[in-house]
Amino acid sequence: MEKTTLNYLWIKGEKVSTTETIDVVNPATGEVIDQVPNGGKKETKLAINAAYEALKPWKKLTPEKRESYLVKWADNLLENRDELAAILTEEQGKPLSESRGEIEGCATFIRWYAEEGKRVYGEVITGSKENQRISVIKQPVGVCGLITPWNFPGAMVARKTAPALAAGCTVVVKPASETPRIAIAIFEQLMKTGIPAGVANLVTGKASVIGETLFEDRRVKKISFTGSTEIGKQLMKRAADQVKRISLELGGNAPAIVFPDADLDLAAKAIVDNKFENCGQMCNGINVIYAHGEIKEKLTEKIVNLAKELKVGLGSDPGTDPIQIGPLVNEAALKNVEHLLQDAKEKGAKVETGGERTGDATGYFFQPTVLSIVTLDMKLTQEEIFGPVAPILSFQKEQEVVEFTENSPYGLAAYFFTRDVNRVYRMAEELDSGMIGVNGTSLSVPQAPFGGIKESGIGREGGFYGLEEFLELKYISLSLENDEGGY
Ligand code: ADP
(Lines give C-alpha, C1' and ligand atoms only; values in the text may rest on other atoms or scores of the structure.)
Protein backbone atom coordinates (compact mmCIF):
# COMPACT_ATOMS: atom_id res chain seq x y z
CA MET A 1 0.00 0.00 0.00
CA GLU A 2 1.28 3.46 -0.86
CA LYS A 3 2.32 5.42 2.19
CA THR A 4 -0.03 8.24 3.09
CA THR A 5 1.64 11.57 3.77
CA LEU A 6 0.21 13.12 6.89
CA ASN A 7 2.46 16.00 7.76
CA TYR A 8 0.13 18.93 8.18
CA LEU A 9 -2.14 20.63 10.64
CA TRP A 10 -5.77 21.47 9.90
CA ILE A 11 -6.49 25.15 10.40
CA LYS A 12 -9.56 26.85 8.93
CA GLY A 13 -10.16 23.92 6.62
CA GLU A 14 -6.65 24.15 5.15
CA LYS A 15 -3.58 21.98 5.44
CA VAL A 16 -0.84 23.93 7.21
CA SER A 17 2.81 22.89 7.48
CA THR A 18 5.58 24.08 9.80
CA THR A 19 9.31 24.11 9.35
CA GLU A 20 9.92 22.34 12.65
CA THR A 21 8.66 18.80 12.91
CA ILE A 22 8.39 15.98 15.42
CA ASP A 23 9.22 12.36 14.70
CA VAL A 24 6.57 9.71 14.84
CA VAL A 25 7.87 6.26 15.79
CA ASN A 26 6.50 2.82 15.05
CA PRO A 27 6.53 1.09 18.47
CA ALA A 28 6.79 -2.33 16.86
CA THR A 29 10.13 -1.52 15.22
CA GLY A 30 11.43 1.62 16.92
CA GLU A 31 11.71 3.21 13.44
CA VAL A 32 10.75 6.77 12.60
CA ILE A 33 7.81 6.52 10.21
CA ASP A 34 6.97 10.16 9.61
CA GLN A 35 7.42 13.72 10.78
CA VAL A 36 4.44 15.84 11.71
CA PRO A 37 4.37 19.60 12.29
CA ASN A 38 5.65 20.91 15.57
CA GLY A 39 2.89 23.45 15.91
CA GLY A 40 3.33 26.04 18.64
CA LYS A 41 1.78 29.21 19.91
CA LYS A 42 1.40 30.79 16.48
CA GLU A 43 -0.42 27.83 14.95
CA THR A 44 -2.60 27.35 18.05
CA LYS A 45 -3.61 31.03 17.95
CA LEU A 46 -4.51 30.70 14.26
CA ALA A 47 -6.59 27.65 15.09
CA ILE A 48 -8.36 29.47 17.95
CA ASN A 49 -9.01 32.48 15.68
CA ALA A 50 -10.55 30.18 13.09
CA ALA A 51 -12.68 28.34 15.67
CA TYR A 52 -13.85 31.65 17.13
CA GLU A 53 -14.83 33.08 13.75
CA ALA A 54 -16.69 29.91 12.85
CA LEU A 55 -18.55 29.71 16.16
CA LYS A 56 -21.51 32.05 15.60
CA PRO A 57 -22.62 30.68 12.25
CA TRP A 58 -22.05 27.09 13.40
CA LYS A 59 -24.09 27.39 16.55
CA LYS A 60 -26.92 29.02 14.63
CA LEU A 61 -27.22 26.13 12.21
CA THR A 62 -30.08 23.75 12.88
CA PRO A 63 -29.06 20.53 14.62
CA GLU A 64 -30.19 18.69 11.46
CA LYS A 65 -27.66 20.58 9.40
CA ARG A 66 -24.91 19.84 11.89
CA GLU A 67 -26.06 16.25 11.89
CA SER A 68 -25.61 16.05 8.12
CA TYR A 69 -21.89 16.85 8.40
CA LEU A 70 -21.40 14.41 11.24
CA VAL A 71 -23.17 11.59 9.42
CA LYS A 72 -21.00 12.17 6.35
CA TRP A 73 -17.94 12.10 8.58
CA ALA A 74 -18.98 8.73 10.02
CA ASP A 75 -19.64 7.38 6.51
CA ASN A 76 -16.23 8.57 5.30
CA LEU A 77 -14.52 6.87 8.23
CA LEU A 78 -16.24 3.58 7.46
CA GLU A 79 -15.44 3.83 3.75
CA ASN A 80 -11.76 4.35 4.58
CA ARG A 81 -11.72 2.00 7.53
CA ASP A 82 -8.88 -0.24 6.37
CA GLU A 83 -6.54 2.58 5.41
CA LEU A 84 -7.24 4.39 8.68
CA ALA A 85 -6.72 1.20 10.70
CA ALA A 86 -3.31 0.72 9.06
CA ILE A 87 -2.29 4.28 9.97
CA LEU A 88 -3.45 3.77 13.55
CA THR A 89 -1.61 0.47 13.98
CA GLU A 90 1.59 1.78 12.44
CA GLU A 91 2.04 4.50 15.07
CA GLN A 92 0.25 2.94 18.04
CA GLY A 93 1.06 -0.75 17.70
CA LYS A 94 -2.31 -2.39 18.40
CA PRO A 95 -3.45 -5.27 16.18
CA LEU A 96 -5.19 -4.31 12.95
CA SER A 97 -8.39 -5.98 14.14
CA GLU A 98 -8.49 -3.67 17.17
CA SER A 99 -7.70 -0.65 15.01
CA ARG A 100 -10.52 -1.52 12.63
CA GLY A 101 -12.84 -1.90 15.60
CA GLU A 102 -11.70 1.47 16.88
CA ILE A 103 -12.47 3.22 13.58
CA GLU A 104 -15.90 1.54 13.49
CA GLY A 105 -16.37 2.70 17.08
CA CYS A 106 -15.57 6.28 15.99
CA ALA A 107 -18.31 6.09 13.37
CA THR A 108 -20.82 4.66 15.86
CA PHE A 109 -20.04 7.38 18.35
CA ILE A 110 -20.26 10.17 15.77
CA ARG A 111 -23.60 8.90 14.45
CA TRP A 112 -25.01 8.71 17.95
CA TYR A 113 -24.10 12.31 18.70
CA ALA A 114 -25.29 13.45 15.27
CA GLU A 115 -28.73 12.23 16.38
CA GLU A 116 -28.51 13.34 19.98
CA GLY A 117 -27.67 16.89 18.95
CA LYS A 118 -31.35 17.19 18.00
CA ARG A 119 -32.43 16.44 21.56
CA VAL A 120 -31.13 19.43 23.45
CA TYR A 121 -34.19 20.37 25.48
CA GLY A 122 -34.81 23.28 27.78
CA GLU A 123 -37.24 23.69 30.64
CA VAL A 124 -40.13 25.95 31.66
CA ILE A 125 -40.43 26.65 35.40
CA THR A 126 -43.35 28.20 37.23
CA GLY A 127 -42.62 31.80 38.20
CA SER A 128 -42.75 33.41 41.64
CA LYS A 129 -45.14 36.13 40.51
CA GLU A 130 -48.30 35.78 38.47
CA ASN A 131 -46.73 37.41 35.46
CA GLN A 132 -43.30 35.83 35.70
CA ARG A 133 -42.35 33.16 33.17
CA ILE A 134 -39.10 31.29 33.69
CA SER A 135 -37.41 29.34 30.98
CA VAL A 136 -34.08 27.55 30.88
CA ILE A 137 -32.26 27.06 27.61
CA LYS A 138 -29.08 25.19 26.78
CA GLN A 139 -26.50 26.79 24.53
CA PRO A 140 -23.11 25.68 23.21
CA VAL A 141 -20.21 26.49 25.53
CA GLY A 142 -18.18 28.05 22.71
CA VAL A 143 -14.70 27.29 21.43
CA CYS A 144 -13.36 24.09 23.04
CA GLY A 145 -9.82 22.75 23.34
CA LEU A 146 -9.78 18.96 23.11
CA ILE A 147 -6.62 17.16 24.26
CA THR A 148 -6.44 13.46 23.42
CA PRO A 149 -4.17 10.55 24.44
CA TRP A 150 -2.28 7.91 22.46
CA ASN A 151 -3.95 4.72 23.71
CA PHE A 152 -7.18 5.17 21.72
CA PRO A 153 -5.93 7.87 19.39
CA GLY A 154 -8.77 7.53 16.92
CA ALA A 155 -11.65 6.94 19.30
CA MET A 156 -10.74 9.79 21.59
CA VAL A 157 -10.72 12.34 18.77
CA ALA A 158 -14.21 11.20 17.74
CA ARG A 159 -15.52 10.91 21.29
CA LYS A 160 -14.65 14.51 22.06
CA THR A 161 -15.16 16.18 18.71
CA ALA A 162 -18.57 14.64 17.90
CA PRO A 163 -20.47 15.81 21.01
CA ALA A 164 -18.76 19.22 20.86
CA LEU A 165 -19.78 19.80 17.25
CA ALA A 166 -23.26 18.34 17.78
CA ALA A 167 -23.78 20.76 20.66
CA GLY A 168 -22.83 23.68 18.41
CA CYS A 169 -19.31 24.27 19.71
CA THR A 170 -16.24 24.69 17.52
CA VAL A 171 -12.97 22.97 18.40
CA VAL A 172 -9.21 22.93 18.43
CA VAL A 173 -7.92 19.39 18.85
CA LYS A 174 -4.46 18.56 20.17
CA PRO A 175 -3.64 14.87 19.70
CA ALA A 176 -0.94 13.02 21.62
CA SER A 177 2.54 13.44 20.17
CA GLU A 178 3.02 9.66 19.93
CA THR A 179 -0.03 9.23 17.69
CA PRO A 180 -0.74 12.37 15.66
CA ARG A 181 -1.11 10.79 12.21
CA ILE A 182 -4.38 9.00 12.86
CA ALA A 183 -5.87 12.22 14.21
CA ILE A 184 -4.76 14.09 11.07
CA ALA A 185 -6.25 11.34 8.89
CA ILE A 186 -9.53 11.29 10.80
CA PHE A 187 -9.73 15.06 10.39
CA GLU A 188 -9.12 14.66 6.67
CA GLN A 189 -12.35 12.67 6.54
CA LEU A 190 -14.15 15.40 8.46
CA MET A 191 -12.86 18.10 6.11
CA LYS A 192 -14.09 16.07 3.12
CA THR A 193 -17.66 16.52 4.36
CA GLY A 194 -17.48 20.20 3.43
CA ILE A 195 -17.94 21.27 7.04
CA PRO A 196 -17.55 25.08 7.27
CA ALA A 197 -13.92 26.15 7.55
CA GLY A 198 -12.73 26.72 11.09
CA VAL A 199 -15.40 24.63 12.85
CA ALA A 200 -12.83 21.92 13.55
CA ASN A 201 -9.09 22.54 13.72
CA LEU A 202 -6.20 20.33 14.67
CA VAL A 203 -2.74 21.27 15.93
CA THR A 204 0.05 18.76 16.53
CA GLY A 205 3.16 19.76 18.43
CA LYS A 206 4.52 20.34 21.88
CA ALA A 207 1.79 19.65 24.43
CA SER A 208 2.79 22.22 27.01
CA VAL A 209 2.95 25.09 24.46
CA ILE A 210 -0.31 24.21 22.73
CA GLY A 211 -1.97 23.54 26.09
CA GLU A 212 -0.82 26.85 27.54
CA THR A 213 -2.04 28.76 24.49
CA LEU A 214 -5.46 27.15 24.81
CA PHE A 215 -5.64 27.94 28.52
CA GLU A 216 -4.51 31.55 28.31
CA ASP A 217 -6.95 32.51 25.55
CA ARG A 218 -10.25 33.70 27.01
CA ARG A 219 -12.09 32.79 23.83
CA VAL A 220 -11.49 29.12 24.63
CA LYS A 221 -14.29 28.39 27.05
CA LYS A 222 -13.71 24.76 27.79
CA ILE A 223 -10.97 22.14 27.88
CA SER A 224 -11.70 18.44 27.61
CA PHE A 225 -8.69 16.30 28.43
CA THR A 226 -8.00 12.58 28.50
CA GLY A 227 -4.66 11.44 29.84
CA SER A 228 -2.73 10.88 33.03
CA THR A 229 -3.96 11.98 36.45
CA GLU A 230 -0.69 13.84 36.93
CA ILE A 231 -1.20 16.11 33.90
CA GLY A 232 -4.94 16.32 34.58
CA LYS A 233 -4.24 17.85 37.99
CA GLN A 234 -1.92 20.44 36.45
CA LEU A 235 -4.54 21.37 33.89
CA MET A 236 -7.25 21.66 36.51
CA LYS A 237 -5.09 24.14 38.42
CA ARG A 238 -4.43 26.03 35.21
CA ALA A 239 -8.16 26.18 34.44
CA ALA A 240 -8.80 27.93 37.76
CA ASP A 241 -7.27 31.20 36.52
CA GLN A 242 -10.20 31.89 34.22
CA VAL A 243 -12.58 29.43 35.86
CA LYS A 244 -12.47 27.72 32.48
CA ARG A 245 -14.75 24.73 32.24
CA ILE A 246 -12.86 21.47 32.23
CA SER A 247 -13.63 17.77 31.80
CA LEU A 248 -11.01 15.24 32.77
CA GLU A 249 -10.86 11.55 31.96
CA LEU A 250 -7.83 10.27 33.89
CA GLY A 251 -6.24 7.14 35.26
CA GLY A 252 -7.81 4.25 37.12
CA ASN A 253 -7.12 1.19 39.20
CA ALA A 254 -9.95 -1.14 38.26
CA PRO A 255 -10.42 -4.36 40.18
CA ALA A 256 -12.07 -7.44 38.64
CA ILE A 257 -13.63 -9.34 41.51
CA VAL A 258 -14.66 -12.97 41.11
CA PHE A 259 -17.02 -14.58 43.63
CA PRO A 260 -17.33 -18.33 44.17
CA ASP A 261 -20.78 -18.52 42.54
CA ALA A 262 -19.59 -16.88 39.30
CA ASP A 263 -19.38 -18.63 35.95
CA LEU A 264 -15.61 -19.03 36.09
CA ASP A 265 -15.12 -19.64 32.36
CA LEU A 266 -17.04 -16.51 31.51
CA ALA A 267 -15.16 -14.52 34.16
CA ALA A 268 -11.72 -15.72 33.03
CA LYS A 269 -12.48 -14.97 29.37
CA ALA A 270 -13.92 -11.50 30.09
CA ILE A 271 -10.98 -10.65 32.35
CA VAL A 272 -8.36 -11.77 29.82
CA ASP A 273 -10.16 -9.95 26.98
CA ASN A 274 -10.19 -6.72 28.94
CA LYS A 275 -6.80 -7.01 30.63
CA PHE A 276 -4.82 -7.64 27.47
CA GLU A 277 -6.76 -5.43 25.06
CA ASN A 278 -4.51 -2.74 23.60
CA CYS A 279 -1.57 -4.44 25.38
CA GLY A 280 -3.11 -3.47 28.73
CA GLN A 281 -2.97 0.24 27.92
CA MET A 282 -6.54 1.16 28.75
CA CYS A 283 -7.70 3.55 31.47
CA ASN A 284 -10.69 1.38 32.35
CA GLY A 285 -8.58 -1.75 31.95
CA ILE A 286 -8.43 -4.22 34.82
CA ASN A 287 -5.47 -3.46 37.07
CA VAL A 288 -5.92 -6.14 39.73
CA ILE A 289 -7.87 -9.39 39.82
CA TYR A 290 -9.46 -10.29 43.13
CA ALA A 291 -10.25 -14.02 43.26
CA HIS A 292 -12.27 -15.34 46.18
CA GLY A 293 -10.22 -17.82 48.24
CA GLU A 294 -12.57 -20.71 47.36
CA ILE A 295 -12.01 -20.43 43.60
CA LYS A 296 -8.61 -18.78 43.43
CA GLU A 297 -6.71 -21.86 42.20
CA LYS A 298 -9.28 -22.71 39.54
CA LEU A 299 -9.62 -19.14 38.28
CA THR A 300 -5.85 -18.63 38.15
CA GLU A 301 -5.45 -21.77 36.07
CA LYS A 302 -8.10 -20.63 33.59
CA ILE A 303 -6.64 -17.14 33.28
CA VAL A 304 -3.11 -18.49 32.84
CA ASN A 305 -4.26 -20.90 30.12
CA LEU A 306 -6.02 -18.15 28.20
CA ALA A 307 -3.07 -15.77 28.59
CA LYS A 308 -0.70 -18.41 27.24
CA GLU A 309 -2.78 -18.67 24.07
CA LEU A 310 -2.47 -14.97 23.25
CA LYS A 311 -0.33 -14.23 20.21
CA VAL A 312 2.12 -11.38 20.48
CA GLY A 313 3.49 -9.73 17.34
CA LEU A 314 3.43 -6.98 14.78
CA GLY A 315 0.03 -5.35 14.88
CA SER A 316 0.22 -4.79 11.14
CA ASP A 317 0.58 -8.49 10.36
CA PRO A 318 -2.62 -9.32 8.51
CA GLY A 319 -1.91 -13.13 8.63
CA THR A 320 -4.56 -15.82 8.85
CA ASP A 321 -3.72 -16.24 12.52
CA PRO A 322 -4.16 -12.69 13.77
CA ILE A 323 -2.16 -11.48 16.72
CA GLN A 324 -3.90 -10.20 19.83
CA ILE A 325 -1.12 -8.22 21.46
CA GLY A 326 1.13 -5.65 19.87
CA PRO A 327 3.93 -3.67 21.49
CA LEU A 328 3.70 -1.14 24.29
CA VAL A 329 3.71 2.44 23.10
CA ASN A 330 7.32 3.30 23.90
CA GLU A 331 10.43 2.43 25.86
CA ALA A 332 9.27 4.37 28.93
CA ALA A 333 6.06 2.33 29.09
CA LEU A 334 8.05 -0.89 28.79
CA LYS A 335 10.47 0.18 31.54
CA ASN A 336 7.59 1.07 33.83
CA VAL A 337 6.08 -2.39 33.40
CA GLU A 338 9.45 -4.00 34.12
CA HIS A 339 9.92 -1.83 37.18
CA LEU A 340 6.50 -2.72 38.61
CA LEU A 341 7.05 -6.40 37.90
CA GLN A 342 10.46 -6.39 39.57
CA ASP A 343 8.99 -4.74 42.66
CA ALA A 344 6.21 -7.36 42.81
CA LYS A 345 8.66 -10.25 42.41
CA GLU A 346 10.91 -8.88 45.14
CA LYS A 347 7.89 -8.74 47.44
CA GLY A 348 6.96 -12.37 46.78
CA ALA A 349 4.73 -12.46 43.68
CA LYS A 350 4.91 -15.64 41.61
CA VAL A 351 5.13 -15.36 37.81
CA GLU A 352 2.61 -17.91 36.47
CA THR A 353 3.33 -17.08 32.84
CA GLY A 354 5.25 -14.43 30.88
CA GLY A 355 7.36 -11.90 32.71
CA GLU A 356 9.84 -10.97 29.99
CA ARG A 357 10.33 -8.71 26.98
CA THR A 358 9.72 -10.55 23.79
CA GLY A 359 10.12 -10.47 20.01
CA ASP A 360 12.35 -8.14 18.10
CA ALA A 361 14.59 -6.29 20.54
CA THR A 362 13.91 -2.99 18.74
CA GLY A 363 10.15 -3.10 19.36
CA TYR A 364 8.52 -2.54 22.75
CA PHE A 365 6.99 -5.99 23.18
CA PHE A 366 6.26 -7.67 26.48
CA GLN A 367 4.87 -11.15 27.12
CA PRO A 368 1.33 -11.47 28.48
CA THR A 369 2.04 -11.99 32.16
CA VAL A 370 -0.01 -13.42 35.02
CA LEU A 371 1.13 -13.09 38.64
CA SER A 372 -0.20 -14.91 41.70
CA ILE A 373 0.54 -14.47 45.42
CA VAL A 374 0.08 -10.76 45.01
CA THR A 375 -0.27 -8.50 48.05
CA LEU A 376 -1.30 -4.88 48.54
CA ASP A 377 2.21 -3.70 49.44
CA MET A 378 3.24 -4.27 45.82
CA LYS A 379 3.29 -1.08 43.76
CA LEU A 380 1.38 -2.60 40.88
CA THR A 381 -1.73 -2.96 43.05
CA GLN A 382 -1.72 0.77 43.81
CA GLU A 383 -0.52 2.29 40.53
CA GLU A 384 -1.82 1.95 37.01
CA ILE A 385 0.22 -0.81 35.33
CA PHE A 386 -0.75 0.17 31.77
CA GLY A 387 0.77 -3.00 30.39
CA PRO A 388 0.05 -6.71 29.84
CA VAL A 389 0.46 -7.82 33.45
CA ALA A 390 -2.41 -9.41 35.38
CA PRO A 391 -1.85 -9.63 39.16
CA ILE A 392 -4.14 -12.01 41.06
CA LEU A 393 -4.95 -11.35 44.72
CA SER A 394 -7.15 -13.35 46.98
CA PHE A 395 -9.98 -12.21 49.26
CA GLN A 396 -12.60 -13.71 51.58
CA LYS A 397 -15.15 -11.00 52.33
CA GLU A 398 -16.98 -8.46 50.16
CA GLN A 399 -15.88 -5.63 52.44
CA GLU A 400 -12.20 -6.26 51.66
CA VAL A 401 -12.72 -5.42 48.00
CA VAL A 402 -15.11 -2.58 48.73
CA GLU A 403 -12.37 -1.10 50.94
CA PHE A 404 -9.82 -1.56 48.18
CA THR A 405 -11.89 0.78 45.98
CA GLU A 406 -12.58 3.16 48.87
CA ASN A 407 -8.90 3.43 49.73
CA SER A 408 -7.80 3.99 46.16
CA PRO A 409 -7.43 7.60 45.03
CA TYR A 410 -8.87 6.42 41.70
CA GLY A 411 -12.46 5.52 40.91
CA LEU A 412 -12.93 4.85 37.23
CA ALA A 413 -14.18 1.29 36.78
CA ALA A 414 -14.78 -1.86 38.82
CA TYR A 415 -15.91 -5.24 37.54
CA PHE A 416 -17.36 -8.19 39.38
CA PHE A 417 -18.65 -11.64 38.60
CA THR A 418 -21.44 -13.33 40.53
CA ARG A 419 -24.83 -14.94 39.95
CA ASP A 420 -26.31 -13.77 43.22
CA VAL A 421 -28.72 -10.92 42.53
CA ASN A 422 -28.50 -9.63 46.11
CA ARG A 423 -24.76 -9.34 45.78
CA VAL A 424 -25.12 -7.62 42.41
CA TYR A 425 -27.00 -4.74 44.01
CA ARG A 426 -24.91 -4.64 47.18
CA MET A 427 -21.62 -4.51 45.35
CA ALA A 428 -22.72 -2.22 42.52
CA GLU A 429 -23.90 0.31 45.06
CA GLU A 430 -20.92 0.02 47.40
CA LEU A 431 -17.91 -0.11 45.07
CA ASP A 432 -16.38 3.35 44.94
CA SER A 433 -16.15 3.90 41.23
CA GLY A 434 -17.83 5.73 38.34
CA MET A 435 -18.53 2.64 36.25
CA ILE A 436 -19.39 -0.91 37.22
CA GLY A 437 -19.29 -3.97 34.97
CA VAL A 438 -21.23 -6.99 36.25
CA ASN A 439 -20.48 -10.32 34.57
CA GLY A 440 -18.81 -8.49 31.69
CA THR A 441 -16.08 -5.97 31.05
CA SER A 442 -17.23 -3.92 28.05
CA LEU A 443 -18.16 -0.41 29.11
CA SER A 444 -17.52 1.83 26.17
CA VAL A 445 -20.78 2.38 24.28
CA PRO A 446 -21.95 5.74 22.93
CA GLN A 447 -25.17 5.96 24.93
CA ALA A 448 -23.63 5.43 28.39
CA PRO A 449 -21.81 7.99 30.56
CA PHE A 450 -18.17 6.92 30.58
CA GLY A 451 -16.05 8.52 33.29
CA GLY A 452 -14.72 8.37 36.79
CA ILE A 453 -14.92 9.80 40.27
CA LYS A 454 -12.17 10.95 42.65
CA GLU A 455 -8.78 11.31 40.91
CA SER A 456 -10.11 9.46 37.87
CA GLY A 457 -11.71 12.62 36.60
CA ILE A 458 -14.55 15.04 36.26
CA GLY A 459 -17.37 14.88 33.74
CA ARG A 460 -18.58 12.15 31.44
CA GLU A 461 -18.17 11.11 27.83
CA GLY A 462 -21.06 9.35 26.15
CA GLY A 463 -24.79 9.61 26.40
CA PHE A 464 -26.68 12.83 26.93
CA TYR A 465 -24.34 13.54 29.83
CA GLY A 466 -21.51 13.76 27.30
CA LEU A 467 -23.43 16.37 25.30
CA GLU A 468 -24.13 18.41 28.42
CA GLU A 469 -20.37 18.79 28.91
CA PHE A 470 -20.50 21.10 25.89
CA LEU A 471 -23.63 23.03 26.87
CA GLU A 472 -24.21 25.95 29.19
CA LEU A 473 -27.46 26.67 30.99
CA LYS A 474 -29.12 30.03 30.58
CA TYR A 475 -32.11 31.04 32.67
CA ILE A 476 -34.50 33.65 31.26
CA SER A 477 -37.03 35.44 33.44
CA LEU A 478 -39.79 37.21 31.54
CA SER A 479 -42.22 39.64 33.15
CA LEU A 480 -45.42 39.72 31.11
CA GLU A 481 -47.30 42.93 30.54
CA ASN A 482 -50.98 42.69 31.40
CA ASP A 483 -53.64 43.71 28.85
CA GLU A 484 -53.73 47.24 30.30
CA GLY A 485 -50.02 47.72 29.71
CA GLY A 486 -48.98 47.28 33.39
CA TYR A 487 -46.77 44.69 35.13
P1 ADP B 1 -0.13 9.68 28.80
O2 ADP B 1 0.59 9.28 30.04
O3 ADP B 1 -1.36 8.90 28.50
O4 ADP B 1 0.75 10.00 27.63
P5 ADP B 1 -0.38 12.49 29.26
O6 ADP B 1 -1.22 13.02 30.35
O7 ADP B 1 1.09 12.66 29.34
O8 ADP B 1 -0.85 11.00 29.16
O9 ADP B 1 -0.86 13.04 27.86
C10 ADP B 1 -2.18 13.03 27.41
C11 ADP B 1 -2.37 14.17 26.43
O12 ADP B 1 -2.10 15.39 27.10
C13 ADP B 1 -1.42 14.13 25.24
O14 ADP B 1 -2.07 14.69 24.12
C15 ADP B 1 -0.31 15.03 25.71
O16 ADP B 1 0.41 15.54 24.61
C17 ADP B 1 -1.11 16.10 26.42
N18 ADP B 1 -0.34 16.88 27.42
C19 ADP B 1 0.70 16.49 28.15
N20 ADP B 1 1.16 17.51 28.92
C21 ADP B 1 0.35 18.57 28.68
C22 ADP B 1 0.28 19.93 29.15
N23 ADP B 1 1.12 20.39 30.05
N24 ADP B 1 -0.70 20.73 28.64
C25 ADP B 1 -1.57 20.27 27.76
N26 ADP B 1 -1.55 19.01 27.28
C27 ADP B 1 -0.62 18.17 27.73
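**Exercise 1. A pair of strands**

Task: In this predicted model, find the bridge partner of isoleucine 22 in E4. Then describe how the two strands run and what the hairpin looks like between them.

Solution.
- Step 1. Isoleucine 22 has valine 36 of E4 as its bridge partner.
- Step 2. Look at the strands themselves. E3 covers residues 21–25 and E4 covers residues 32–37. They run antiparallel, joined by 5 bridges.
- Step 3. Move to the turn. The hairpin of E3 and E4 has 6 residues between the strands. There, glycine 30 takes a positive phi near 75°.

**Exercise 2. Positive phi without glycine**

Task: Where does lysine 12 lie, and is lysine 12 buried, partly exposed or exposed? Where does phenylalanine 386 lie?

Solution.
- Step 1. Recall the background. Most residues other than glycine have a negative phi.
- Step 2. Check lysine 12. Its phi is positive, about 50°, although lysine 12 is not a glycine.
- Step 3. Place lysine 12. It sits in the loop between strand E1 (9–11) and strand E2 (14–16).
- Step 4. Judge the exposure. Lysine 12 has a relative accessible area of 40%. Partly exposed covers the range between 20% and 50%, so lysine 12 is partly exposed.
- Step 5. Turn to phenylalanine 386. This residue also has a positive phi of about 50° and is not a glycine. Phenylalanine 386 lies in the loop between strand E15 (369–372) and strand E16 (389–395).

**Exercise 3. Two helix pairs**

Task: What is the orientation of H4 and H5, and of H9 and H10? Which residues meet in each pair?

Solution.
- Step 1. Choose the quantities. Two packed helices are described by the angle between their axes and the distance between the axes.
- Step 2. Take helix H4 (residues 96–116) and helix H5 (residues 155–167). Their axes come within 9 Å and cross at roughly 10°. Angles under 35 degrees count as roughly parallel, so H4 and H5 are roughly parallel to each other.
- Step 3. List the H4–H5 contact. From H4 come Glu102, Cys106, Phe109, Ile110 and Tyr113. They meet Ala155, Ala158, Arg159, Ala162, Pro163 and Ala166 in H5. Sorted by class, this contact has 9 nonpolar, no polar and 2 charged residues.
- Step 4. Take helix H9 (residues 264–276) and helix H10 (residues 296–309). They pack at about 45°, with axes 9 Å apart. That makes H9 and H10 oblique to each other. Their crossing is right-handed.
- Step 5. List the H9–H10 contact. The H9 residues include Leu264, Ala268, Ile271 and Phe276. Among their H10 counterparts are Leu299, Ile303 and Leu306.

**Exercise 4. An open sheet**

Task: What is the strand order of the 3-stranded open sheet, and which strands are at the edges?

Solution.
- Step 1. Read the order: E5-E6-E20, with antiparallel pairing.
- Step 2. Find the edges. Strand E5 (123–126) and strand E20 (471–479) each pair on one side only.
- Step 3. Add the twist. It averages 25° from one strand to the next.
- Step 4. Zoom in on one pair. E5 is joined to E6 (residues 132–140) by 4 bridges. Threonine 126 stands opposite arginine 133 in E6.

**Exercise 5. A serine in a loop**

Task: Is serine 408 buried or exposed, and which residues does serine 408 touch?

Solution.
- Step 1. Place serine 408 in the loop between helix H12 (398–407) and strand E17 (413–417).
- Step 2. Apply the cut-off. Buried means under 20% relative accessible area. Serine 408 has 7%, so it counts as buried.
- Step 3. Name the contacts. Leaving out residues up to four places away in sequence, serine 408 touches Asn253 and Lys454.

Methods: Residues numbered from 1 in each chain as written. Predicted model: local features only at pLDDT ≥ 70, side-chain atom pairs only at ≥ 80, totals over all residues. Heavy atoms only, no water. Pairing = 2+ DSSP bridges. Axes fitted to C-alpha atoms, helices over the stretch in contact; angles between N-to-C directions. Parallel < 35°, antiparallel > 145°, perpendicular 65-115°, else oblique. Left-handed = near helix turned anticlockwise from the far one by under 90°. Contact = heavy atoms within 4.5 Å. Buried < 20%, exposed > 50% of the residue type's maximum accessible area, 1.4 Å probe, protein only. Nonpolar A, V, L, I, M, F, W, Y, C, P; charged D, E, K, R; others polar.
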